[in-house]
Amino acid sequence: MQPIRLNNRKARHLWLWTNGLSETPVGPLDVMAIIRRLGFVQIDTIRNVTRAHNHILWTRNQNYREGMLWPLLGRERRLFEHFTHDASLLPVEMLPLWQRQFARLGARAARGPWYQSGLASAEIARLRERIAREGPLSTHAFETRAKSREMWARPPHKKALDQMWYAGDLATSHRENFVKFYDLGERVFPPHDALDDRDAVEALCDAALDRLGIATVGEVQRFWAAMDTDEARGWLGRRALAPVEVEGADGAWTAAHAPPDIEARLTSLPAPTSRLRILNPFDPAIRDRARLRRLFGFEYVNEMFVPAAKRRWGYYVYPLLEGDRFVGRVELKANRGEGWLRVTGFWPEAGVKWGAARRDRLDAELARFGRLAGIRDVAWTTPGPG
């Protein structure tokens, strides 16, 4: 079969559309529909202006407000929390496919030095028994101390709870002020039947490719991070996919794969809105840095854990997407208690002219972003564009 050739602009449009970034972010809000379209939404502890999950959802529909997400996890049980490439919320219908991930990560946590708690099996059993008896408990309900003071060191009881959480024996019941409450998995997860392991791999790969639009085997494997590369290659050998060749931002062509209906998708593919958007560092559209660089020619590094003297940009830096290209990046700082947001760094992308109209679009988006966090006072403390 002759490969379908996608020029760079078409490939960018497809990627933005699959990520829900083609449409103007207004209209009726359906949070579950957004998450199902993305596959999952990553959650993160850092709250710079707002936490990552709030920003990711708001970017796709600006009628989203903080606090709308957690009832879907806790009260309604339409989401469950587990680990893809990082802590994430997934639609509950993924549970039959996710049993293999419970098994994989549970086994890894049991043998890996990072997760091993040092607690005896009887002590771990007592942690579980207490949750069974008392109901959902946070890590604050238990008392053990970490052996070191490094920021990544965790107390033994937290490691033990996480071991059981990775295995699906415990589950996130709900979160309060972002604090995780653990309960028995059997009390949190609705009844479901696990898929045969190979069927689960195939369903996960199919779902990944559907959300990627076009992808290499490695990109399919990394989407959920729920299988190894050999398993993804086995899936590829059993599927009749459409071969494609994709032009990168540098003009180079890469062989990849696409769903069988790729031609229909391309025929109905909309051009992205010209809206200027502030993307979160954890946004799924930019998570795969190699793919981002290949399609958009945009290099992005998350420098939160890079020493300040070694940073190229800043601590919490947001890419700026306009239409189908990245036009720059900004560093933002906020004080929600005092009600202010400041632009503390600005880096235009090479070759992008920043006239008054583009600056006005950025200022308008900054004001909208501030309002999500209840902030009205938005100002620049660094030289801006123009």
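**Reading helices, cores and buried residues**

Mentor: Let's start with one residue: leaving out residues up to four places away in sequence, glutamate 202 touches Trp235, Arg238 and Arg239. Keep in mind as we go that this is a predicted model.

Trainee: Thanks! Where does glutamate 202 lie?

Mentor: Glutamate 202 is part of helix H9.

Trainee: And is glutamate 202 buried or exposed?

Mentor: The cut-off for buried is under 20% relative accessible area. Glutamate 202 has 10%, so it counts as buried. Its side chain also makes a polar contact, at 2.2 Å, with the side chain of arginine 238.

Trainee: Let's stay with H9. How do I describe two helices that pack together?

Mentor: You give two things: the angle between the axes and the distance between the axes. Here, H9 (residues 197–212) packs with helix H10 (residues 217–224) at an angle of about 105°, and their axes are 9 Å apart. Angles of 65 to 115 degrees count as roughly perpendicular, so H9 is roughly perpendicular to H10.

Trainee: Which residues of H9 and H10 meet?

Mentor: From H9 come Leu204, Cys205, Ala207, Ala208, Leu209, Arg211 and Leu212, and from H10 come Glu219, Val220, Phe223 and Trp224. Sorted by class, this contact has nine nonpolar, no polar and two charged residues.

Trainee: Can you give me another pair to practise on?

Mentor: Try helix H6 (residues 121–134) and helix H7 (residues 156–166), which pack at about 70° with axes 10 Å apart. These two are therefore roughly perpendicular to each other as well. H6 brings Ile124, Leu127, Arg128 and Ile131 to the contact, while H7 brings His157, Ala160, Leu161, Gln163 and Met164. Six of these residues are nonpolar, two are polar and one is charged.

Trainee: What tends to happen to nonpolar side chains in soluble globular proteins?

Mentor: They tend to be buried together. In this model, the largest nonpolar core has 57 residues, and Trp98, Ile214 and Trp224 touch the most other members. H9 gives the largest share of this core, with seven residues. There is also a second, separate core of 44 residues, with Tyr64, Leu276, Leu320 and Val343 among them.

Trainee: What is tryptophan 98 in contact with, leaving aside neighbours within four places in sequence?

Mentor: Tryptophan 98 is in contact with Phe80, His82, Phe83, Thr84, Leu90, Leu204, Trp224 and Ala226. Now look at leucine 204 in H9, which is buried at 0% relative accessibility. With the same neighbours in sequence set aside, leucine 204 is in contact with Met94, Leu97, Trp98, Arg100, Trp224, Ala226 and Met227. The C-alpha atoms of leucine 204 and valine 220 are 8.8 Å apart, with their positions 16 residues apart along the chain.

Trainee: What about a residue that is partly exposed?

Mentor: Take glutamine 99, which sits in helix H5 (residues 95–111). Its relative accessible area is 25%, so glutamine 99 is partly exposed. Beyond residues up to four places away in sequence, glutamine 99 touches His192 and Ala194.

Trainee: Last one: how many residues of helix H3 are buried?

Mentor: In H3 (residues 52–60), nine of the nine residues are buried. They pack against helix H2 (31–38), strand E2 (41–42), helix H4 (70–73), strand E10 (276–278), strand E11 (317–322) and helix H14 (356–372). The buried residues of H3 include His53, Asn54 and Arg60.

Terms used. Residues numbered from 1 in each chain as written. Predicted model: local features only at pLDDT ≥ 70, side-chain atom pairs only at ≥ 80, totals over all residues. Heavy atoms only, no water. Axes fitted to C-alpha atoms, helices over the stretch in contact; angles between N-to-C directions. Helix = DSSP H or I, 4+ residues; strand = E, 2+ residues; numbered from the N terminus. Parallel < 35°, antiparallel > 145°, perpendicular 65-115°, else oblique. Contact = heavy atoms within 4.5 Å. Nonpolar A, V, L, I, M, F, W, Y, C, P; charged D, E, K, R; others polar. Core = buried A, V, L, I, M, F, W, Y, C linked by side-chain atoms within 4.5 Å. Buried < 20%, exposed > 50% of the residue type's maximum accessible area, 1.4 Å probe, protein only. Polar contact = N/O pair within 3.5 Å; in protein donor to acceptor, adjacent residues only side chain to side chain.
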